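Here's a quick tour of one fold, going from a helix on a sheet down to a ring pair and a single threonine. Have the viewer open while you read.

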Amino acid sequence: MTSPHTDAVQPGDRAGRTGPVLFAYDGSDVAGHAIQYAATQLPPGREALVVCAWQPADVGFTPVGSQHFDANNAAEVEKAAAGIAAHGADLANEAGFRAQSTTVQAAPTWKGIIATAAEHQAELIVLGAHRHSRLAGHLLGSVATSVVAHAAGAVLVVHQRD
């Protein structure tokens with residue numbers, strides 16, 4: 001029996017392989033919590049890619065520790081984003097994943113996450129969601145909502161701890 005969907009993966013097409021888990025990591029506590037939570041839901045040793053999306057001026061991530069940079073200097077922002085992504089990869093490795101880190105320059109952020117997931121054939125995207133009021137969420141937009149709406153595959157959204 002053939003699938004009516006021409007883009008459907010048929011049994012055996014991937015020969016037992018699975019794509020990496022992609023963690024969208026912005027340095028926030030909720031993003032770190034998402035990594036920890038995913039580790040409780042997935043088998044240990046999974047390949048993972050931690051991505052920090054960035055853009056000059058409105059950088060889109062939270063510096064870790066005492067890191068300072070000029071938000072208008074693209075090279076400094078990219079370097080800071082690489083540090084954020086590496087920190088996320090360290091968290092993922094400590095949680096039992098085999099993680100690497102990367103950065104992507106993207107505006108809006110969700111497009112960079114989706115593009116990176118597609119480029120690396122990620123099987124699952126994991127990201128933390130900040131709880132915004134309805135009005136704030138509507139005005140600010142939501143990276144998590146946009147990723148869920150545009151992702152080609154599975155997305156695990158982990159909400160901020162109360």
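Let's start with α5, which lies across β4 and β5 and runs at about 155 degrees to β4. Keep in mind that this is a predicted model. Another helix also meets these strands: α1 (residues 29-41) lies across β1, β4 and β5, running at about 120 degrees to β5.

**The sheet**

So what is the order of the strands in the open sheet? Reading across, the order is β3-β2-β1-β4-β5, 5 strands with parallel pairing. At the edges sit β3 and β5, each pairing on one side only. Direction ignored, neighbouring strands of this sheet are turned by 25 degrees against each other on average. As general background, strands of a sheet pair through backbone hydrogen bonds, and they can do so parallel or antiparallel.

β4 is a good strand to zoom in on. It pairs with β1 in the parallel sense over 4 bridges, while 6 bridges join β4 to β5 (residues 154-159), again running parallel. Some bridge partners are listed here:

| Residue in β4 | Bridge partner | Strand of partner |
|---|---|---|
| V126 | F23 | β1 |
| V126 | L156 | β5 |
| L124 | A154 | β5 |

V126 shows up twice, with F23 as a bridge partner and L156 opposite in β5.

How much of β4 is covered? The strand is mostly covered, with 6 of its 6 residues buried. In a regular strand, side chains alternate between the two faces of the sheet. Here L124, V126 and G128 point one way, whereas I125, L127 and A129 point the other way, and all are buried.

**The ring pair**

F23, the bridge partner of V126, also takes part in an aromatic pair. The count comes to 1 aromatic pair. The rings of F23 and F97 have centres 5.1 Å apart and planes at 75 degrees, so the pair is edge-to-face; the cut-off for that class is over 60. This pair links distant parts of the chain: F23 belongs to strand β1, F97 to the loop between α2 (74-94) and β3, and they are 74 residues apart.

Are these two rings buried or exposed? F23 has a relative accessible area of 1%, so it is buried. F97 comes in at 5% relative accessibility and therefore counts as buried too. The threshold behind both calls is under 20%.

**Helix α3 and T116**

Now over to α3 (residues 109-119), the helix where T116 is found. Buried residues in α3 are T109, W110, G112, I113, I114, T116 and A117. In an α-helix there are 3.6 residues a turn, so residues three or four places apart point the same way.

What covers the buried residues of α3? The cover includes β1 (21-24), β2 (47-54), β3 (98-105), β4 (124-129) and α5 (143-150).

T116 is worth a click of its own. With 5% relative accessibility, T116 counts as buried. Leaving aside neighbours within four places in sequence, T116 is in contact with L22, L49, V51, T102 and V104.

One last backbone detail: just after α3, Q121 takes a positive phi of about 50 degrees.

Conventions: Residues are numbered from 1 along each chain as its sequence is written. This is a predicted model: local features need pLDDT of at least 70, side-chain atom pairs count only at pLDDT 80 or more; totals for chains, interfaces and linings use all residues. Side-chain values use heavy atoms; hydrogens and water are left out. Helices (H or I, at least four residues) and strands (E, at least two) are DSSP runs, numbered from the N terminus. Buried means under 20% relative accessible area, exposed over 50%, partly exposed in between (1.4 Å probe, protein chains only). Contact means heavy atoms within 4.5 Å. Two strands pair if DSSP finds at least two bridges between them. Rings of Phe, Tyr and Trp (its six-membered ring) pair if their centres lie within 6.5 Å; planes under 30 degrees apart count as stacked, over 60 as edge-to-face and the rest as tilted. Axes are lines fitted to C-alpha atoms, for helices over the stretch in contact, and angles run from 0 to 180 degrees between N-to-C directions.
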